[in-house]
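Hi,

Here is the structure I said I would pass on. Have a look at it first, and then read my notes underneath.

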Amino acid sequence: MLDSNKDSLKLEAMKRIVAMIARGKNTSDLFPAVVKNVACKNIEVKKLVYVYLVRYAEEQQDLALLSISTFQRGLKDPNQLIRASALRVLSSIRVTIIVPIMMLAIKEAASDMSPYVRKTAAHAIPKLYSLDPEQKDQLIEVIEKLLADKTTLVAGSVVMAFEEVCPERIDLIHKNYRKLCNLLIDVEEWGQVVIINMLTRYARTQFLNPNMNESLLEEGSDKTFYGSDEDEEEEEEEEEEKDKKAEAPAMAKRKPYVMDPDHRLLLRNTKPLLQSRNAAVVMAVAQLYFHLAPKAEVGVIAKALVRLLRSHSEVQYVVLQNVATMSIKRRGMFEPYLKSFYIRSTDPTQIKVLKLEVLTNLANETNISTILREFQTYIKSMDKDFVAATIQAIGRCATNIGEVRDTCLNGLVQLLSNRDELVVAESVVVIKKLLQMQPEKHSDIIKHMAKLTDNIQVPMARASILWLIGEYCEHVPKIAPDVLRKMAKSFTNEEDIVKLQIINLAAKLYLTNSKQTKLLTQYVLNLAKYDQNYDIRDRARFIRQLIVPTEKSGALSKYAKKLFLALKPAPVLESPFKDRDHFQLGSLSHLLNAKAGGYQELPDWPEAAPDPSVRNVEVFTLLERVTTLTSVPEWTKCSSREKRKEKKVEKPFYSDSEGESGPTESADSESDSASSSESGSGIEESGSGSESEESEEGSESEEEEEEEKEKDKKKKKKELKKPVQESESEQSSEEERKHERKSKQRKSESESESDEEEESESESSQSESEDSESEAEVKKKKKAAESKPSSKPVKKDNKKEKKEMSLLDLDDFEPAPSPQATPVNAFLSNSLATDLEGLSLSDAVLSPATISPSSALKSYEMLHRITGEGLSVEYCFSRQPFSPDANMVAVQMQFTNNATSDTKNLHMEDVKLQSGMRVKEFPEIELLPAGEMVTAVMGIDFCDSTQAANFQLCTHTRKFFVSIQPPVGELMRPIFLTENEFKKEQEKLLLGQLMGMNEITEKLTLDVKCRNEHSIVQRVTTAANLSRVPCGSDKECSPPVPPPDHPVHRFAGRTVTSSSLVLVTVATKEEGAAKLTINCEKMVIGTMLVKDILLALTQ
Amino acid sequence: MIHSLFLINHSGDIFLEKHWKSVISRSVCDYFFEAKEKAVDPENVPPVLQTPHHYLITIYRDKLFFLSVIQTEVPPLFVIEFLHRVADTIQDYFGDCSESVIKDNVVTVYELLEEMLDNGFPLATESNVLKEMIRPPTILRSVVNTLTGGSNVGDTLPTGQLSNIPWRRAGVKYTNNEAYFDVIEEIDAILDKSGTTVFAEIQGVIEACVRLSGMPDLTLSFMNPRLFDDVSFHPCVRFKRWESERILSFIPPDGNFTLMNYHVSSQNLVAIPVYVKQSISFFEMGPCGRLDITIGPKQTMGKTVEALMVTIHMPKAVLSANLTPTQGNYTYDLATKVLVWDIGKLNPQKLPNLRGSLSLQAGAPKPEDNPSLNIDLKIQQLAISGTPCMVALTVERIFS
């Protein structure tokens, strides 16, 4: 029929085949006939053929290849449905040969117009991964791309792919975190579950424990709340708290925990989903709250979970398991819903047992009476397993709550007269455990139980009674031997477990009351000696040696009594759910209490850092910081974006130092950050038309959020600023002296060198000067300019000015960290160097704030302390000549060991470079003690390109992949040119071989705060390592004296490797307009530099 | 995620299997059969089983087991919820979810499963979307199909898949635009022997049947939304609007759906509409016992009580029952020891009564406690929680 021309016949045939597949019959012999029809026009036939293919392609790989061209054609189809289904089938046939084809198809589909096709691509990723795990790296790229997708359709699927392929690459989420949070509510249900689970894990690594401080505050209230609980768990918790207290007395003084706004965002956006109809979503949110929310807020999930108890029994089963775990940790949460856990006669047994478990966990002094009354009813149930569980539950209540112990015991004793043997047996076992806690009072119960031995047949119960009698034979001296006599009679007919207890009983009686029982014991031991079970034979032999005194009886027999009648600790009856909370709630592993394949551990909260304020900032900026870190491979692509981010962090600091302009600045950055992260989702939502209200709400709240954040930032900033400034001023006096000495020394050392160097220094110091200082300086300069209106030799002019400057600068010379580490300035004491660095570099966020007015040494993060397991590395471009090789750029690295243990043998390995690049490694650091920091300098020849230098940083235990990526501005060194020279060079360049190609001009509008000379100079020198061409000489070349408010600034430098000139001109005009011209032989460097300087000047 | 699915009937035959990844042998089900043997009662089979290489997650619905095989960590509720969704979909398509129905439509079911999961991850579970891709069988269509060779598989992408409202298809047109809402409330109460309420709660469901053209945007407000203790919604309901204004605002799916579930836990307000006088006693002497049950109305607010039914789980020792009802009829299932008395409409003038004798197994000890009674009843046109009736339904805009 498959060969027929009629579609209807084909369809009929295919239907039969598929029906056979569905029943599990093998139809693989029809494969060739079916594959022929893959190109069939009829869509239903086609679909069924696809179904067949997916099922059997794995078995007949060669034949399956015949069909691939059809799919490839399908991938290009204009109909998105056909594109998607072609990709789906293509990725579903598990044939290894087509892996490259699949890879290609996935990559293409990932940038398809239709979100549906992109979704299918996301689905295809894990399929390909399971087929060929070696494609992982490429797949991660695709995932990264899809993660940035803004449609709700794709989000769920791609996160699922992420979880399956690379759950450890949490860094991919950073950029998309907020977007995912905001989209969450519109994602389809299944996607929600996956995203929420992933975000739980993410948040655990990125945010601080919200309950960290509360534990201290709550300690007092905790006690009153739980009353005088004897619950083990509670005690533990308290102990923990005490530990914490002892460990950090400073913690008490710590300011109250402020939740990260992103953490809050997650909690807020997931909360409505508690109202989802999908139990899995509700559970996912519940576990998220349980693991992430502050204690006070966890309560909201209880109601939703209780609602799930009215769902299907399977759902109840899972939910109850989770509730049982939660109720141990947070009992108060479910107490109001106690009655919802009452058992119904129609519940299946497993549900009943779980409900009992929860009820037991919830029991406390106030509600125990109601619970016990409820239990009494349950005991009458016809479900015997359930009754047994109830009795155990009563036992647990009795152990946990001292007040009701006697009541429970009495109730259980009454049960001993129950007609059902199982009930009696179970009660015996429980009573045994209870009695062990306070045996003295209850000898009559023991007597009662001794009588029961005649009736009870359940081995476990018999064994329990015998043990009890043996253990407390001194309380019942008359009955015990009698029981032994009876038992000895029936010994051969007993179960093994009972036999063992009989032997035990005999031994104990022999020791306490050997007169009456000696013969009996020997009889029992003789019986046991010939028992079939080797355990019993062993036991008998062992006991005989121990208790029966013989000539060669060892030293042990003296202690026999102590051995047997030692005081035994009472058993602790505890919930089987006690330790389950180390699994992520709601997971399969939690349910089974065993690690399931592919389970991702829920990471612990990040450790508390020693300095709380630092951590707050750090955690806040982590998102941005780490993006710059991790996206290094793509730096070239998005360098401008990264830059902006960097700037964003920096900017507020500028605004702060410049007082009044603060508000506008922060407003700017606010809109900036808001637009960068949130605008996407806003557009997305409003795009759906009907949901415009929602999106509005959303964006509103976003703005609020941003505002909050902004405020936070400011607060932190201020806090930060103060201490640093203080310390600065403290040190400054010392510093000044040293610098004075230093500069003098240097002058005398070598005029020629200092010429250049000091020039640059004075330039930078010019820019360094603080506002008040700068004003004074401006005046001076003007004076200087005015005083030399005549055309004096430029050189002289320069020198004079230089001197003036350096003298002037001495009082406010900033402790620039740059010179200390370089060999040239090695005379500076090491300790001071580290001090200074500590000041400037100890915190990546601090440094731009405090040092930004100085030579603008920006430090970059190479290794964060979390990824580095305590080792953090930052690097900066010190802008000093690297003495071993002039073609190299000096990179100053600072290693900080935040871990508790020492790090040894820090060195570099496995340097991966682009062709032509060279690296001079830093000397191995033998030992980096805990808490210390060390700096080292390495040289890299970047070959005038911005390619990153990748290498491994090795410690004695671990290796970290790191990379150093130079901003283009660091690839040059400043040179000194006079204005005339500058102009000559400029002309030369222009008239060179490629006319005009060497010049790039850009018009720009200067930032409001960047219109005076100093800020321009400062910003340009921050962006690039250039030196300024003295401006005083402006006059001579432009005959009509330029009005003082439209000066032209010139900067000069050479690239490090090829020594090509880089000339930068910034000509200012009215109202902040300006023209930026860059002349450079290297076009690439020129264009990149334009971008960077443009950014620096306009922001 | 979900690796394979097996459908198993009550007697333990696998009658459908579907694999989304590579094929897993049927023999994994043996672990399940083992557990099933052990559990005696099908409801007591643990939903999650661990086998050496796989995990089995099962649901029991309509006397069928839906058994899914998974290999890696996945939230169990995720799978359970999905399996129920499969059962719902089958029920939605064929009106029933039984072995015979599935066997008759095996190809359609297979195609459905293919669409619902891709590589074990749910793809399309909204019935509106599925119905566009695979049309449910109707008599008319099957006739047309056989004549024209047409198919019941859609060839365009369901628009719902692409939008933010996957539950609604585009281009719906009706000549009569209508929307119906059913409020179904259930009281769940546990009473003790003397008739006092131990625990009572009200659960409500709002079932909707909306047949409106275009993309209607509806709002629904309640008289007294504060009564709701806890609610859960169809995904179409906008959560934020509910949180801020207590108004249901939604774009409904086309056709039947459950709009919301709610819960009212105002125990004091719950009025149990009937009372029961019962006496079940077993005599010490002789293998017999007496049973006498009378049911009367109480606080029915003038409505008639319908579909009244009493179910009693008898003790194991009860061999047979010889009873005479004044109304309705009774059955006693010997195997499960369940006595069912189907009364029907409650007549306040002539109270239904069931009395007679029970015969016990000879020699067995007298059952020590009285069995519990389960009473089911229905009252039309009465919301027991009283107030949560909606008052306003506004259709904001219809655009097509």
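How many contacts beyond four places in sequence does the model have for residues 1033-1043 of chain A, where pLDDT stays under 50? The model has 11 of them for that stretch. Keep in mind while you browse that this is a predicted model, so I'll start with how far chain A can be trusted.

**Confidence in chain A**

The average pLDDT of chain A is 69, and 67% of its residues score at least 70. If you go element by element, helix α17 of chain A (residues 279-292) comes out highest, at 89. Helix α44 of chain A (residues 846-851) sits at the other end, with the lowest mean, 35. There is also the run from 609 to 708 in chain A, where pLDDT stays under 50. For that run the model has 146 contacts beyond four places in sequence. I wouldn't lean on those, because where pLDDT is low, the predicted coordinates should not be read in detail.

**Where the two chains meet**

Chain B brings 94 residues to the contact and chain A brings 97. Together they bury about 8500 Å², and carbon and sulfur atoms account for 56% of that area. Between chain B and chain A there are also 21 residue pairs in polar contact, with both partners at pLDDT 80 or more. As for charges, 7 salt bridges turn up across this interface. If you'd like one to look at, try R85(B) and E189(A): their side chains form a salt bridge, at 3.1 Å from N to O.

On the chain B side, helix α2 (residues 76-94) gives the most to the surface touching chain A, with 8 residues. Sorted by class, that side of chain B has 43 nonpolar, 25 polar and 26 charged residues.

**Two spots inside the chains**

Helix α16 of chain A (residues 261-270) is mostly covered, with 8 of its 10 residues buried. Among the buried ones are P261(A), D262(A) and H263(A), as well as L265(A), L266(A) and L267(A).

In chain B, take a look at I280(B), which lies in strand β14 (residues 274-282). Is I280(B) buried or exposed? It counts as buried, because its relative accessibility is 4% and the cut-off for buried is under 20%. I280(B) and R355(B) are 75 residues apart in sequence, yet their C-alpha atoms are 9.5 Å apart in space.

Cheers

Notes: Residues numbered from 1 in each chain as written. Chains lettered and ligands numbered in written order. Heavy atoms only, no water. Contact = heavy atoms within 4.5 Å. Buried area = accessible area lost by both parts, 1.4 Å probe. Salt bridge = Lys/Arg side-chain N within 4 Å of Asp/Glu carboxyl O. Polar contact = N/O pair within 3.5 Å; in protein donor to acceptor, adjacent residues only side chain to side chain. Helix = DSSP H or I, 4+ residues; strand = E, 2+ residues; numbered from the N terminus. Nonpolar A, V, L, I, M, F, W, Y, C, P; charged D, E, K, R; others polar. pLDDT = per-residue confidence, 0-100. Buried < 20%, exposed > 50% of the residue type's maximum accessible area, 1.4 Å probe, protein only.
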